[in-house]
Amino acid sequence: MTEATATLAKPAPAAPLSIAALQAKLDESPFSAFLGLTVIAADAAREEITIRAPFRPELERGAGTRQWHGGPIASVIDTVGDFALIMLIGRGLPTINFRVDYLRPAIGADLVVTARVRRNGRSVGVSDVDVFDERGTLLAIGRASYATQDKN
């Protein structure tokens, strides 16, 4: 390998993080801890993670409506998309961009959120995220991109 190709080579991947290690990383963030996020499945071979977000009155769109506010849903999408890549890379990644399509209201139910890695590139990673209620109804979808290049 020449010096030029060595600088272009993607570093060897870290060992995928376990559910316990992913949960510990989630719990390190005060915001993720506030949201009460729990890793319920992580499959590095499929590049997929599923996280539960419990409904709480503090996350309501309007007092007493039991309807999730869109902001916390967007935050959960960003976090779960990030953690799909964190599972593979082993460290936190800054968000470059993300979008959300809200398909129907989330009312009084925990969210079950699954992210799949679409690209785990040298400088950019992309995750697709599906948000379901506990009955399996699709409520929202998102796509996010993250900076994967290690600046250290």
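Nine bridges join strand β4 (residues 111-120) to strand β5 (residues 124-133), and these two strands run antiparallel. This is a predicted model, and the points below follow its paired strands, one buried threonine, the helix α4 and a pocket that α4 helps to line.

**Strand pairing**

- The link between β4 and β5 is a hairpin, which joins the two strands through three residues.
- Within this pairing, Val-112 has Phe-132 as its bridge partner in β5.
- Strand β4 also pairs with strand β2 (residues 48-53), again in the antiparallel sense, and this pairing runs over six bridges.
- One of the bridges between β2 and β4 can be followed at Ala-53, whose partner in β4 is Leu-111.
- As a general point, the side chains in a regular strand alternate between the two faces of the sheet.

**Thr-50 in strand β2**

- Thr-50 has its place in strand β2, which covers residues 48-53.
- Thr-50 counts as buried because its relative accessibility is 10%, and the cut-off for buried is under 20%.
- When neighbours within four places in sequence are left aside, Thr-50 is in contact with Thr-38, Val-39, Ile-40 and Ala-41, and also with Val-112, Val-113 and Thr-114.
- Among these contacts is Val-112, the residue whose bridge partner in β5 is Phe-132.

**Helix α4**

- Helix α4, which covers residues 70-89, has 20 residues and reaches 29 Å from its first C-alpha to its last, a span close to the 28 Å expected at 1.5 Å a residue.
- Of the 20 residues of α4, 17 are buried, so the helix is largely enclosed by the rest of the structure.
- Just after α4 comes Gly-90, which takes a positive phi of about 95°.

**The second largest pocket**

- The second largest pocket has a volume of about 160 Å³.
- This pocket is lined by 13 residues, and the closest to its centre are Thr-79, Asp-82, Phe-83, Ile-86 and Gly-92.
- Both α2 (19-28) and α4 (70-89) supply at least two residues each to the lining of this pocket, and the largest share, five residues, comes from α4.
- Sorted by class, the lining of the second largest pocket consists of four nonpolar, five polar and four charged residues.

Conventions:
Residues are numbered from 1 along each chain as its sequence is written. This is a predicted model: local features need pLDDT of at least 70, side-chain atom pairs count only at pLDDT 80 or more; totals for chains, interfaces and linings use all residues. Side-chain values use heavy atoms; hydrogens and water are left out. Helices (H or I, at least four residues) and strands (E, at least two) are DSSP runs, numbered from the N terminus. Buried means under 20% relative accessible area, exposed over 50%, partly exposed in between (1.4 Å probe, protein chains only). Contact means heavy atoms within 4.5 Å. Two strands pair if DSSP finds at least two bridges between them. On a 1 Å grid over the protein atoms alone, a cavity is a set of points where a 1.4 Å probe fits but cannot get out, and a pocket is an open set with protein on both sides within 12 Å along at least five of seven lines; lining residues have an atom within 4 Å of a point. Grid points are joined across faces, edges and corners, and a volume is the space filled by probe spheres set on the points. Ala, Val, Leu, Ile, Met, Phe, Trp, Tyr, Cys and Pro count as nonpolar, Asp, Glu, Lys and Arg as charged, and the others, Gly among them, as polar. The expected span of a helix is 1.5 Å times one less than its number of residues.
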